[in-house]
Amino acid sequence: MTTLQNLIREAFIDPIRSVLIVDDQYPTWDEILNNALPESTRDRELEARSSEKSWQDDPAGALSVISQFRKKKPALILDIHDAPDATADHLHQSDLLILDYNLEGAGTGLGGAMARDIIRAVLRNQHFNLVVVHTQEPELQDVFHSCLISLSKPLSEEFNTELALIAGLEEQLDELNAEEKFNPKDLSEYFDTGTYLRLRHPTVNCGDELRRYMSGEGILSRLHSWAENIGLKGRNKKAFAFWAIARFEKALKDNFTAEAFEGLTWTQKDDRLWLRTGRGFVTFVEKNHQDLITELESALEAWQPSPSRLLSAKIRHEISCNGVEAEDRTLSKAQVFAYFYDLIRNAGAAEGRAALVRDHLNRQAEALGTLIEPAIVAFGELIHATDIATGDTFADHYGVDLTESDALRSAATHFNSYISTLPVITGNGHLDCGHIFKLNSEWWVCATPACDMEPGQNTVAFVGSSKELRPFTALKLNVFEVSTLEESDINSGLYCFAETSPKEITCLGLPAQGSSEKVTWRTFVAKNDGVLSGTEFDLIKPQLAAGSLEVVEARATVHAKLRYEYALNFIQKVGASVTRIGLGYRGGAFTNRSETSNCDA
């Protein structure tokens with residue numbers, strides 16, 4: 001029977017092809033070959049460094065670790081480095097990093113600083129990394145905690161009004177200290193590293209824990225007891241929690257990172273220590289464990305990756321395996337791509353070439369997806385079958401309780417955003433069909449077909465031509481509370497769900513069918529041919545005023561982009577307005593009219 005461990009092995013372990021060991025006690029090719037040279041030609045510095053390594057007296061341990069990678073089928077490519085300052089250029093070249101925590105030597109007093117710097121560098125790489133930190137430190141959990149802190153920004157950096165609370169408390173603490181009723185050095189008895197990291201875990205709401213603290217409950221209950229013992233009340237008792245956090249972080253101020261690591265999370269259990277970010281997974285083991293692949297596998301299982309993460313890892317592996325084949329199949333069609341490159345050569349402006357390259361990218365991705373689809377579908381079926389056979393628990397790995405109505409509604413909202421919108425990429429893009437932008441306090445969606453939004457194309461809506469100005473039609477969107485919508489409303493095609501800021505979904509849409517509110521659409525003119533500056537662009541709002549036409553300039557910000565089929569839905573709303581006959585009835589669904597595009601939407 002297939003288990004979660006088998007799935008993890010297929011998704012994460014089997015794709016490993018290369019291993020880099022960074023350990024100051026392991027032999028390197030340089031020193032082995034140096035020792036084989038005639039004595040007169042040896043590098044004396046390298047020879048001296050080699051002679052001090054532990055493997056010279058006891059090679060069995062290093063050989064056992066190296067052998068486990070050589071014996072895999074297929075055997076893994078293996079490299080060893082003992083000079084941490086020289087590894088940065090090699091970190092991106094391996095699938096698995098085995099990292100010694102005490103690279104500086106136990107007697108230097110640096111306490112793993114080099115290893116933590118390497119972990120930070122690895123987790124900033126552009127691809128997903130697997131890391132096993134092995135150490136001879138007596139307390140493995142201390143190593144784990146130090147690495148976690150090195151990947152975190154201080155919580156106190158976010159303090160604002162809390163700083164005033166702390167300042168108001170410190171005078172009372174000074175008095176209590178003078179009376180020998182309070183000693184700030186006792187902080188570690190009530191607020192230690194484990195408490196601090198439990199408070200900072202992504203699953204913990206810090207605000208909720210601070211409220212529980214005031215009642216003597218939760219993670220900070222011991223700190224509450226200390227506050228009670230020294231007689232703190234009300235405002236000062238609340239301030240005491242913030243003082244403890246700031247005081248704890250001040251002692252470790254040099255260990256924190258200046259730049260947060262996206263997606264940082266970690267285990268809160270002591271039996272299997274691991275952490276992960278968006279770009280890597282790190283586990284921690286004692287050096288007497290020599291079967292490091294098995295240790296990594298067990299840590300990945302303890303992480304309990306969701307079915308979606310298993311699928312994503314499998315997709316990444318299949319792309320790596322089949323990408324060249326898909327590329328060759330596609331590019332072997334010489335006539336097709338000769339014509340394609342001719343289009344690029346004659347595209348004129350850089351924006352036109354960029355559009356052609358984007359189109360090429362989309363078609364290549366589609367071809368690759370078609371090639372690997374059977375393997376991914378089969379793996380998806382295996383995940384489901386394994387879940388059913390082993391207790392139907394994989395849904396719990398997401399940490400979302402869909403039996404709770406508010407959680408279900410929130411999940412549905414995020415899902416709708418995921419399937420209907422694309423990420424907004426900052427760079428040299430241009431305003432496009434489906435872009436949702438904010439103009440002052442109003443939300444709009446560009447509803448001009450994509451072929452008319454390409455820079456350098458002929459303009460529509462106005463007579464004449466311009467290389468600087470690009471007219472476009474936009475629909476005004478209203479903001480709706482998701483809690484007021486029924487499922488039939490969500491599926492009506494009148495709404496879209498846009499991630500308008502990190503982790504925030506905004507429901508935007510047209511007035512509901514039968515509503516007395518009219519749908520509003522306008523013709524704007526984008527400046528600079530619609531090219532975006534980051535996520536911003538300048539536009540002109542033509543507007544009527546006392547028998548003349550005024551031109552008002554403004555700046556808008558793009559927040560999301562609808563997938564084309566969803567944008568097309570809104571284009572059809574405009575099309576229905578423009579093509580309606582209008583038989584003299586009063587009112588109407590739209591507030592103004594404009595020319596339509598002459599291209600096929």
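Ala546 sits in the loop that links S15 to strand S16 (548-562). In this predicted model, the phi of Ala546 comes out near 50°, a positive value for a residue that is not glycine. That is worth a look, since most residues other than glycine have a negative phi, and most peptide bonds are trans. As for its surroundings, Ala546 has a relative accessibility of 88% and so counts as exposed, the cut-off for that class being over 50%.

Asn528 is another non-glycine residue with a positive phi, here near 55°. Its place is the loop running between strand S14 (521-526) and strand S15 (536-545). With a relative accessible area of 43%, Asn528 is partly exposed, because that class covers what lies between the 20% limit for buried and the 50% limit for exposed.

The backbone also has a cis peptide bond to show, from Lys73 to Pro74, with omega near -5°. Pro74 belongs to the loop between helix H4 (59-70) and strand S2 (77-81).

Turning to the interior, in soluble globular proteins nonpolar side chains tend to be buried together. Here the largest nonpolar core holds 57 residues, and those touching the most other members are Leu99, Leu223, Phe240, Trp243, Leu275 and Phe284. Helix H12 (residues 234-251) is the top contributor to this core, giving eight residues. A second core, separate from this one, has 37 residues, among them Ile8, Phe12, Ile13 and Ile293.

Leu275 gives a closer view of the packing. With neighbours within four places in sequence left aside, its contacts include Leu123, Phe144, Cys147, Leu148 and Leu151. Also in contact with Leu275 are Leu264, Thr265 and Trp266, along with Gly280, Phe281, Val282 and Phe284. Phe284 thus turns up twice, as a contact of Leu275 and as one of the core residues that touch the most other members.

Finally, there is the pairing of helix H14 (residues 307-331) with helix H16 (residues 350-389), whose axes come within 7 Å and cross at roughly 135°. That angle makes H14 oblique to H16, because roughly antiparallel would need over 145 degrees and roughly perpendicular runs from 65 to 115. The crossing of H14 and H16 is right-handed. As for what lines the contact of H14 with H16, its residues split into 15 nonpolar, six polar and five charged.

Note on methods: Residues numbered from 1 in each chain as written. Predicted model: local features only at pLDDT ≥ 70, side-chain atom pairs only at ≥ 80, totals over all residues. Heavy atoms only, no water. Helix = DSSP H or I, 4+ residues; strand = E, 2+ residues; numbered from the N terminus. Buried < 20%, exposed > 50% of the residue type's maximum accessible area, 1.4 Å probe, protein only. Core = buried A, V, L, I, M, F, W, Y, C linked by side-chain atoms within 4.5 Å. Contact = heavy atoms within 4.5 Å. Axes fitted to C-alpha atoms, helices over the stretch in contact; angles between N-to-C directions. Parallel < 35°, antiparallel > 145°, perpendicular 65-115°, else oblique. Left-handed = near helix turned anticlockwise from the far one by under 90°. Nonpolar A, V, L, I, M, F, W, Y, C, P; charged D, E, K, R; others polar.
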